[in-house]
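Biologist: Hello! I am new to protein models, and I would like to learn how to read one, feature by feature. Could we go through this one together?

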Amino acid sequence: MSAVLISPIEASPLCRHFGACGGCSLQDKPYDVQLVLKKEKVLAALAHIEGLPAPSVLGASDTWNYRNKMEFSFGDVYPPVEGRWLKLGMKPKGRWYEVLDLQECRLPSPEAAKLLAGVRSWAEREKVPPYNSHKKEGVLRHLVIREAKNRPERMVHLVTTNGQIPKPSFIEAVQAAYPATTILLGSNAKASDTAISDSMEILTGTGYITETLYFPDGAVDYRISPHSFFQTSTKGAEALYALLRRWTRELPSAGTVLDLYCGGGGIALSLASAARKVVGVELNASAVADAKANADRNGFKNCEFYCAAVELLLPALLDLRPEAVVVDPPRAGLHAKAAATLLEMAPPVIFSVSCNPETLGRDLGILSARYVVERLVVADMFPHTDHVETVVRLVLRR
C-alpha cells in the first residue's frame with residue numbers, strides 16, 4: 001500500500017494562526033515529509049516489538065478541510081478592549097484558560113470561519129456573556145460543528161451553562177452564515193470544561209446528521225448524534241474501514257467478528273457485509289443507540305451491539321469463538337483486564353486500531369507473549385497535525 005504524496009507547493013498554504021494555535025504543528029512541512037515523520041514516530045514507539053514487518057503508509061486523499069467535527073471555545077477579552085469583549089476559537093496548546101480568537105481554520109469546511117464570525121457578532125450584539133472558567137460565571141461555553149462530507153448535512157451545537165439565550169436571533173445568525181441542517185442548544189453547568197451537554201434542545205432539524213461512507217464494494221450510512229464518536233476524517237474513515245473490510249474478507253470463513261470499543265458502530269457496520277456476524281461492545285449508551293439505529297437503517301440483520309464495559313463482557317463474548325477481534329480503544333489503550341483476557345483466551349486474529357503509538361506499544365508488548373505482528377499500517381487521518389493512526393494485524397504464534 002503506497003502513500004499519497006503531496007508536493008511541497010501543494011502543502012505550502014499556511015493558516016494565519018499557525019504557531020499560535022498549535023493545532024496544526026506540521027503544516028509548514030511538505031506532506032511527504034509529514035508522512036515520514038509519522039512513520040518514524042510509530043516505529044520508535046514500537047521499537048521493542050520483535051519481528052515487526054515493514055510498515056505500509058496510508059496517506060490522506062484530502063489534506064485540507066477534511067475534519068467533520070470541530071469544537072470551538074468561547075472566552076472573554078481581559079483586560080477589556082473597547083469594542084471587543086468576546087473571543088471564539090481554539091485554546092492554544094498548553095494554555096487551557098485562554099482562547100485564541102480564530103479568523104480562519106483550514107481543517108473543517110471553509111464556511112466554518114463565516115460561522116465563527118457570525119456567532120461572535122450575534123453574541124456581542126445580544127450581549128450574551130462568554131463563560132469565564134476562573135470566575136465560574138457566564139453563559140457561552142462551546143460551539144461544536146459536525147459536517148457530513150459525502151452528504152449535504154451539517155450540525156451546529158451551542159453549549160451553554162443554562163440554555164438561556166435569545167434563540168430566534170441565534171438561529172438566524174447561524175443560518176445566515178452556515179448551511180446548518182440541524183441546530184441544537186445544550187446546557188452544561190459543570191465545572192469540567194467539556195463540550196458535552198447534560199440536556200439538549202433541538203432548535204431546528206432532526207438533532208442529528210447522516211453520513212455515507214463509500215467502499216469499492218458498497219456503501220454504509222451512519223447516523224451521527226451530537227455526542228456520538230465518529231472518525232473525524234470522513235475520507236480517512238473510508239480508507240481505514242476499507243482496509244479492515246479487506247482483512248476480514250481474507251479470513252478463512254469470516255465467521256463471527258467482535259468490535260471492541262465500537263462507538264456508534266463505525267467499524268462494525270463496515271464489516272457487516274464481510275462477516276457472518278458482527279458483535280459490538282461500547283460503554284456509551286447513546287453511541288450504542290446510534291449503532292443499533294445505523295444497523296436498522298442499513299438493513300444489517302447480522303449485527304448485535306451491547307452497552308457494557310469491554311473488560312467485563314469480553315470473556316462471555318470470546319466464548320462465541322470469534323474468528324477475529326477488532327480493538328479500537330481510546331487513547332489510554334486497552335484496559336489491563338481486557339488485554340489479559342485476550343491473551344488468555346487467544347482469539348486467532350486481532351485487528352488493532354490505535355490513535356496513540358505509545359499505548360499501542362505497551363499493549364503489543366503484552367500481546368506479544370502469544371501473538372506476532374503480521375501487518376503494520378501507518379494511516380494518516382489527521383494531516384498537518386502530529387497525530388497518527390496505526391493499524392496492526394496480529395496472529396497467534398505457531
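Modeller: Gladly! Let us begin with a sorting of residues: Ala, Val, Leu, Ile, Met, Phe, Trp, Tyr, Cys and Pro count as nonpolar, Asp, Glu, Lys and Arg count as charged, and the others, Gly among them, count as polar. Please also keep in mind that this is a predicted model.

Biologist: How many residues of each kind are in the lining of the second largest pocket?

Modeller: The lining divides into 7 nonpolar, 6 polar and 7 charged residues. The second largest pocket has a volume of about 340 Å³, and 20 residues line it. Nearest its centre lie Gly75, Asp76, Tyr97, Tyr131 and Ser133.

Biologist: Which elements give two or more residues to the lining of the second largest pocket?

Modeller: These are β2 (69–81) and β5 (140–147). Of the lining, β2 gives the most, with 5 residues.

Biologist: Now a single residue, please. What does valine 144 touch, leaving out residues up to four places away in sequence?

Modeller: Valine 144 lies in strand β5. Its contacts are Lys69, Met70, Glu71, Met155, Val156, His157 and Ala195, not counting residues up to four places away in sequence. With a relative accessibility of 3%, valine 144 counts as buried. For a distance in space, take valine 81: the two valines are 63 residues apart in sequence and 26 Å apart from C-alpha to C-alpha.

Biologist: And glycine 218: how far in space is its C-alpha atom from that of serine 273?

Modeller: The two C-alpha atoms are separated by 8.8 Å, while the residues are 55 apart along the chain. Glycine 218 sits in strand β10 (residues 218–224) and counts as partly exposed, at 29% relative accessibility. Its contacts, leaving aside neighbours within four places in sequence, are Leu213 and Arg245.

Biologist: Let us turn to helices. Where on α8 do the buried residues lie?

Modeller: A residue is called buried under 20% relative accessible area. In helix α8 (residues 310–318), the buried residues are Val310, Glu311, Leu314, Leu317 and Leu318. They cover an arc of only 110 degrees around the axis, so they are on the same side of α8. Their packing partners are β11 (256–260), β12 (277–282), β14 (324–327) and α9 (336–345).

Biologist: Which residues of α9 are buried?

Modeller: Ala338, Ala339, Thr341 and Leu342 are buried in α9. Seen down the helix axis, the buried residues fall within an arc of 160 degrees, so they line one face of α9. The face turned away from that buried side carries the exposed residues Ala336 and Glu344. The buried residues of α9 pack against α8, β14, β15 (349–354), α10 (357–367) and β16.

Biologist: I have also heard about phi angles. What sign does phi have in most residues other than glycine?

Modeller: Most residues other than glycine have a negative phi. Here are some positive cases. Arginine 321, which is not a glycine, has a positive phi of about 55 degrees. This arginine lies in the loop between α8 and β14. Just after α9, alanine 346 takes a positive phi of about 50 degrees. Histidine 384 has a phi near 75 degrees, also a positive value in a residue other than glycine. This histidine is in the loop between β16 (371–379) and β17 (389–396).

Biologist: Are arginine 321 and histidine 384 buried or exposed?

Modeller: Arginine 321 counts as exposed, at 74% relative accessibility, whereas histidine 384 is buried, with a relative accessible area of 1%.

Biologist: One last topic: how many disulfides does the structure hold?

Modeller: A disulfide is a covalent bond between the sulfur atoms of two cysteines. The structure holds 0 disulfides. For cysteine 15, the nearest cysteine sulfur is that of cysteine 105, 6.3 Å away. For cysteine 262, the nearest one belongs to cysteine 307, 9.2 Å away. The cut-off is that the two sulfur atoms be within 2.5 Å.

Biologist: What are the relative accessible areas of cysteine 15 and cysteine 262?

Modeller: Cysteine 15 has 11% and is buried; cysteine 262 has 5% and is buried.

Definitions and conventions. Residues numbered from 1 in each chain as written. Predicted model: local features only at pLDDT ≥ 70, side-chain atom pairs only at ≥ 80, totals over all residues. Heavy atoms only, no water. 1 Å grid on protein atoms, 1.4 Å probe; cavity = no way out; pocket = protein on both sides within 12 Å on 5 of 7 lines; lining within 4 Å. Points joined across faces, edges and corners; volume = space filled by probe spheres on them. Helix = DSSP H or I, 4+ residues; strand = E, 2+ residues; numbered from the N terminus. Buried < 20%, exposed > 50% of the residue type's maximum accessible area, 1.4 Å probe, protein only. Arc of directions from axis to C-beta. Contact = heavy atoms within 4.5 Å.
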